[in-house]
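Biologist: Please choose a single part of this model and describe it closely, in connected prose that a first-year student can follow. Please explain each term when it is needed.

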Amino acid sequence: MKYIVGNWKMNQSLREITHFVEQFSGTSQFKCETWIAPQSIHIAPLIAKTSRIKVGSQNSSLYQNGAYTGEISPTAIKELGATFTIIGHSERRAQFKENNMLLGKKVAAAFEAGLDVIYCIGESLEERNDDKTFVVLEEQIREALKGIILSDKNKFIVAYEPVWAIGTGQTATPEQAQEAHHFVRVQLKDSFPTNGEKIPLLYGGSVKPSNIEELLAQEDIDGALVGGASLAAADYIQLCQCASNLI
Ligand code: PGA
């Protein structure tokens, strides 16, 4: 099963969401997982508009409740009917100074609340040019996931998103993506000997209808985490059609 996960970031008005769902609802059922993370404030409206999309959050707190003004409780996300949360997106790491240790706590809190988790990792351009890609990926996995226990109750997914490819139009080549994904697969197997090898791995970074096929054709790429190209229903639908054809 392939995954097409849209990350709408801080975009889409309620009117645009209505228009998106109208177009999406006109298609026949896809044979891939169709997930979207709108702004948290739009989780409930999106859930109310369609049951064909699994809805999630772009971020969630390490706390379930308490005096944490402005935070988003994983329990509250779950209560709305959302099924997943994205943790560790590079924009959260860079702009909100979220580090591996903190992100590990967020993963644990999300599991505790019963959410599936998409944990994002990826190197910056500078790190890639300094030949540090694998060191960074290994750290992002080891430091955050130490002590995390995977269960059948909640899905755990890892998204490899090279920072230099996010929102830049510069996609990793299928070979670069596959090389990183294979490395991540081996690391996860090492961290979780019983079930690490089966963790779905998504590629993210300027995925669009014109490059999705060659990316999803790679052995260790199980889906895509898509920003810009998930905003227009026509593009998102095309991505889902490509993923459905590959099953
Ligand atoms: P992009 O964003 O597809 O616009 O590059 C991907 C992401 O940030 O998850």
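Modeller: Two strands are said to pair if DSSP finds at least two bridges between them. The strands themselves (E, at least two residues) and the helices (H or I, at least four) are DSSP runs, numbered from the N terminus. This is a predicted model, in which local features need pLDDT of at least 70 and side-chain atom pairs count only at pLDDT 80 or more, while totals for chains, interfaces and linings use all residues. Residues are numbered from 1 along each chain as its sequence is written, and side-chain values use heavy atoms, with hydrogens and water left out.

The part chosen is strand E2, residues 33–37. Five of its five residues are buried, so E2 is largely enclosed by the rest of the structure. Here, buried means under 20% relative accessible area, exposed means over 50%, and partly exposed lies in between (1.4 Å probe, protein chains only). Glu33, Trp35 and Ala37 point one way from the strand, whereas Thr34 and Ile36 point the other way.

Glu33 deserves attention within this strand. Its relative accessibility is 15%, and therefore it counts as buried. The side chain of Glu33 makes a polar contact of 2.8 Å with that of Trp35. A polar contact is a pair of N or O atoms within 3.5 Å; within protein, one must be able to donate a hydrogen and the other to accept it, and residues adjacent in sequence count only if both atoms are side-chain atoms. Leaving aside neighbours within four places in sequence, Glu33 is in contact (heavy atoms within 4.5 Å) with Met1, Lys2, Tyr3, Ile4, Lys54 and Lys155.

Next come the partners of E2. Strand E1, residues 3–7, pairs with E2 in the parallel sense over five bridges, and Gly6 has Ile36 as its bridge partner in E2. Strand E3, residues 54–57, also runs parallel to E2, joined to it by two bridges; there, Val55 is the bridge partner of Ile36.

Helices connect these strands. E1, helix H1 (residues 14–25) and E2 form a right-handed β-α-β unit, and E2, helix H2 (residues 43–49) and E3 form a right-handed one as well. A crossover is right-handed if, with the strands pointing away from the viewer, the path from the first strand over the helix to the second runs clockwise.

What of E1 itself? Five of its five residues are buried, so E1 is largely enclosed by the rest of the structure. Tyr3, Val5 and Asn7 point one way from E1, and Ile4 and Gly6 the other way. E1 also pairs with strand E8, residues 223–226, in the parallel sense over four bridges, and in E8 Val226 stands opposite Gly6.

Residues of E1 and E2 also appear in nonpolar cores. A nonpolar core is a set of buried Ala, Val, Leu, Ile, Met, Phe, Trp, Tyr and Cys residues joined through side-chain atoms within 4.5 Å. The largest has 60 residues, of which Ile4, Tyr119, Leu145, Phe156, Leu188 and Tyr203 touch the most other members. Helix H10, residues 233–245, gives the largest share of this core, seven residues. Apart from it lies another core, of twelve residues, among them Ala37, Phe84, Ile118 and Leu202. In soluble globular proteins, nonpolar side chains tend to be buried together.
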